[in-house]
Amino acid sequence: MKFKDLKKSLALKAEPIYLVSGEDAFFVERSYKLIVDACVKEPDFNLTVFDGSDLKDNTETLINALMSYPFLSDKRVVAVKEYYPLAREIAELKGYFENPLESTVFVILNTQKSDNLSKQKNVCVVDCSKGDYSLLSGWILNEAKKAGVTFAQSAVNRLIDYCQSDMTKISGETEKLIAYAADSGEVSEEDVFKICVKEEEFELFEAVDCIAFKRYDKAYEILTDMLQSVGDGQKLFAALYGYFRRLFYVSVSNMSLSDMAKSLKVQEYAVKKAKEQSKYFSPKRLKEIVYKLGEYDVAFKSGTLLQQDATWNGILNVLIY
């Protein structure tokens, strides 16, 4: 199930085993809290938490915890963070997966997916990948409403883009904006511009958008601002090079978004944005840009070009359409 469906599901019944996994740490942590709050009375006595690394070659400790009974509560929760058991460890847990204790709720909290776990019996998978605009927008507006503040929809959209749909960042920036708007009671898109910190990825997205629509002055302004804020020309050059390689890759690939994300080792949201933006360029043009940036990269690393020159040559090259 998706994260957004968990609360409703818990109101009906708690599953014996949850595998909560995904790239959004906020949703993973919130899922954990929802499960504990729904299942446990007296958490001091009925909540046991392990780190996955502590259970390596120590499955017996986990099984003992799972088979313990609650105290002054109908259920107890056993949680394990970042747990990726090997096949032999799964074999040791097979009996529990097939016949879990009714009074125990076993919760596994992982960043990465684990087929070894998800395919086991009685495991309910909670997908904590990044939320869509509807979910994120609804959350921001609800938090604002509780604080007696209104958000313009344009401000909500801008905030989501700035934070690259990362709920941990959205949560922090929303809190800042609500505090900022305590007197006026309203948050505008301009407030988001003034108050919120842009993610580097979004700034590159914004700059490339300007390049695509031939607003070279604005693109130059964004990139030079990035150079000043980052304070490291090599880092900016590497980010620019990597960004255009991604655009070229998605422009010529027929893979699904999830497969491309796995191949590029980035989040699916980033691939989706790259796919949208790559349509502004021809594959030939993207190939030319990547090739040229590659030349500057080699020249800098071999000592035939200064870092500053490589950075500026790279910036100017992508601005020449």
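1. Second largest pocket, main contributor. Helix 7 gives the most to the lining of the second largest pocket, with five residues. The model is a predicted one, and the points below should be read that way.

2. Second largest pocket, size and walls. Its volume is about 280 Å³. The residues that line this pocket are Phe 3, Lys 4, Lys 7, Phe 26, Phe 27, Arg 30, Leu 34, Leu 135, Gly 138, Trp 139, Asn 142 and Glu 143. Three elements give two or more residues each: helix 1, helix 2 (25–39) and helix 7. By class, the lining has six nonpolar, two polar and four charged residues.

3. Largest pocket, size and centre. The largest pocket holds about 1,200 Å³ of space. It is lined by 39 residues, and the closest to its centre are Glu 23, Lys 113, Ser 129, Lys 130 and Glu 268.

4. Largest pocket, walls. Which elements each supply at least two residues of this lining? They are helix 1 (3–12), strand 1 (17–21), helix 6 (115–118), strand 5 (123–127), helix 7 (133–146), helix 14 (257–264) and helix 15. Helix 1 and helix 7 also appear in the list for the second largest pocket. By class, the lining of the largest pocket splits into 13 nonpolar, 11 polar and 15 charged residues.

5. Cavity, count and size. The count is one cavity of 30 Å³ or more. The space in the largest cavity is about 70 Å³.

6. Cavity, lining. The residues around the largest cavity are Asp 161, Gln 164, Glu 201, Phe 202, Phe 205, Tyr 243, Arg 246, Tyr 269, Ala 270, Lys 273 and Ala 274. Helix 11 (200–212), helix 13 (233–252) and helix 15 (268–278) each supply at least two of the lining residues. Helix 15 has the largest share, with four residues. By class, the lining comes to six nonpolar, one polar and four charged. Helix 15 also supplies at least two residues to the lining of the largest pocket.

7. Cysteines. How many disulfides does the structure hold? Zero. Why is Cys 124 not bonded to Cys 128? The sulfur of Cys 124 is 11 Å from the closest cysteine sulfur, in Cys 128, so the gap is too far for a bond. From the other side, Cys 128 is in no disulfide, and its nearest cysteine sulfur is that of Cys 124.

8. Cysteine exposure. Are these two residues buried or exposed? Cys 124 counts as buried because its relative accessibility is 13%, under the 20% limit. Cys 128 is buried too, at 0% relative accessibility.

9. Strand pairing. Strand 2 (residues 47–51) and strand 3 (residues 76–81) run parallel and are joined by five bridges. One of the bridge partners is Val 77 in strand 3, paired with Leu 47. Between these strands the chain passes through helix 4 (residues 59–66), and this β-α-β crossover is right-handed.

10. Glu 98. This residue is placed in helix 5 (residues 87–98). Its relative accessibility is 44%, so Glu 98 counts as partly exposed. Glu 98 and Val 20 are 78 residues apart in sequence. In space, the C-alpha to C-alpha distance between them is 19 Å.

Notes:
Residues are numbered from 1 along each chain as its sequence is written. This is a predicted model: local features need pLDDT of at least 70, side-chain atom pairs count only at pLDDT 80 or more; totals for chains, interfaces and linings use all residues. Side-chain values use heavy atoms; hydrogens and water are left out. Two strands pair if DSSP finds at least two bridges between them. A crossover is right-handed if, with the strands pointing away from the viewer, the path from the first strand over the helix to the second runs clockwise. A disulfide is a pair of cysteine sulfur atoms within 2.5 Å. Buried means under 20% relative accessible area, exposed over 50%, partly exposed in between (1.4 Å probe, protein chains only). On a 1 Å grid over the protein atoms alone, a cavity is a set of points where a 1.4 Å probe fits but cannot get out, and a pocket is an open set with protein on both sides within 12 Å along at least five of seven lines; lining residues have an atom within 4 Å of a point. Grid points are joined across faces, edges and corners, and a volume is the space filled by probe spheres set on the points. Ala, Val, Leu, Ile, Met, Phe, Trp, Tyr, Cys and Pro count as nonpolar, Asp, Glu, Lys and Arg as charged, and the others, Gly among them, as polar.
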